[in-house]
Amino acid sequence: MVPLPAQGHLNQLLHLSHLIASYGVPVHYAGSSSHNRQARARLHGWHHHNHDHEQTVSKIEFHDFELPKYDYEYNQSSNSSSNNDNVSVVLPTHLQALFDASTMHLREPMRRLFEQLSVKFEKVVVIHDMLMAYVVQDVKEIANVEAFAFIPFCAFTMFMDTWRFIPENLRPFDLEHGDIPECVNCVDHYEGCMTPEMFEFVVNQVKLLGFESGWLYNTSRVIEGSLYGCFEKADSNDVFAEDNGGKMKDQPQLPQGYEEKVKNKGIVVRDWAPQIEILAHKSVGGFMSHCGWNSCIESLSMGVPIVAWPMHSDQPRNAVLVTEVLKVGVVVRDWARRSELVMSNSIEKCSEKG
């Protein structure tokens, strides 16, 4: 398993690792040491005191690689122009330096790991985040190693992004009514989902794909069956580091007095929370979510309707899937109006509608 070092990506491949290991298959989970630690610390949805869980964990071997320190402040300034050009982009810009560092420095240790495993085992299967294609591309040089690209986004997002770049006269089939909503033709207003630098990173990774034997989607036919039909027709590198003030880098600060004001109505949980356990609780009637694919899958699995408030990346498209296609949620703010302030009465109306 070779994940992209971002929480939503780490978690998906670690869940898949547990599933595969439960069948008695040895699993090797490889990445930077701090992000492997983050994945283990934040994994949720597995009962840690369960005997079967403990046996499954013991079958997963973690390979920790060190990343050199990268210039966090330089990365912030290097993205300043794109932030000023489009203030609506809220993709954490410090992640760019992390992704670049991972790409630059993990390829060689990964290649050595693949070679070691290829000698030890008759067959090695590498499942890698599609955005780590550069890091794992050497698998094609090793005879008994096979790669599969793991798609950490929903099939809906992948289809929309692919379809709009195919010229109409070259499209292999016509979309039938009901395949996808008409909003697929309005996809251009989703520009601004990410910084130009991040878009370039994604494009460069996708360009390298082609050596893999197949793609794995973290979804199901129950959720995205029609999309399957369409496809079948054609932060710093130590995420636990704190600054001198004892606060996590870039942690947004709540208004003064806010926690006191809401103490009898709800609670504020800082950093990480066991989201699956929360969504599974009988008192939860809805979930206001940024619509990251992890959150969408978890909310759908628990039967909890979503109040969608997308922020960046694949989230606006995921919100369309949830609200327009599956019709299990409502939108707080349409992506076309992403720069507008959301008032409390708008959230109230969404909750009542849900």
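In this predicted model, Ser32 of strand E1 has Phe65 as its bridge partner in strand E2. That pair belongs to a longer run of pairing, since E1 and E2, the latter spanning residues 60-65, are joined in the parallel sense over six bridges. Strand E1 itself covers residues 27-32, and it is mostly covered, with six of its six residues counted as buried.

One residue of this strand, His28, shows how E1 is surrounded. With a relative accessibility of 13%, His28 falls under the 20% limit and therefore counts as buried. The side chain of His28 makes a polar contact with the side chain of His63, at 2.7 Å. Leaving aside residues up to four places away in sequence, His28 touches Met1, Glu61, His63, Leu117 and Phe121.

From the strand the reader can turn to helix H6, which runs over residues 94-120 and in which Met110 lies. Met110 is buried, because its relative accessible area is 0%, under the 20% limit. When residues up to four places away in sequence are not counted, Met110 is in contact with Val2, Ala30, Gly31, Phe65 and Val135; Phe65 has already appeared here as the bridge partner of Ser32. Met110 can also be related to Asp138, which is 28 residues away in sequence and lies 8.6 Å away in space, taken from C-alpha to C-alpha.

Gln96 is another residue of helix H6, and it too is classed as buried, since a relative accessible area of 8% is under the 20% limit. A polar atom of the Gln96 side chain lies 3.1 Å from the backbone nitrogen of Met198.

Strand E1 and helix H6 also take part in enclosing an internal space. Rolling a probe the size of a water molecule over the atoms shows where empty space is left. The largest cavity holds about 40 Å³ of space, and the elements giving two or more residues to its lining are strand E1, helix H2 (residues 33-42) and helix H6. Which residues line this largest cavity? They are Pro3, Pro5, Leu10, Gly31, Ser32, His35, Asn36, Ser102 and Leu106. Among these lining residues are Ser32, which is bridged to Phe65 in E2, and Gly31, which is touched by Met110. By class, the lining has four nonpolar and five polar residues, with no charged residue among them.

Methods:
Residues numbered from 1 in each chain as written. Predicted model: local features only at pLDDT ≥ 70, side-chain atom pairs only at ≥ 80, totals over all residues. Heavy atoms only, no water. 1 Å grid on protein atoms, 1.4 Å probe; cavity = no way out; pocket = protein on both sides within 12 Å on 5 of 7 lines; lining within 4 Å. Points joined across faces, edges and corners; volume = space filled by probe spheres on them. Helix = DSSP H or I, 4+ residues; strand = E, 2+ residues; numbered from the N terminus. Nonpolar A, V, L, I, M, F, W, Y, C, P; charged D, E, K, R; others polar. Buried < 20%, exposed > 50% of the residue type's maximum accessible area, 1.4 Å probe, protein only. Polar contact = N/O pair within 3.5 Å; in protein donor to acceptor, adjacent residues only side chain to side chain. Contact = heavy atoms within 4.5 Å. Pairing = 2+ DSSP bridges.
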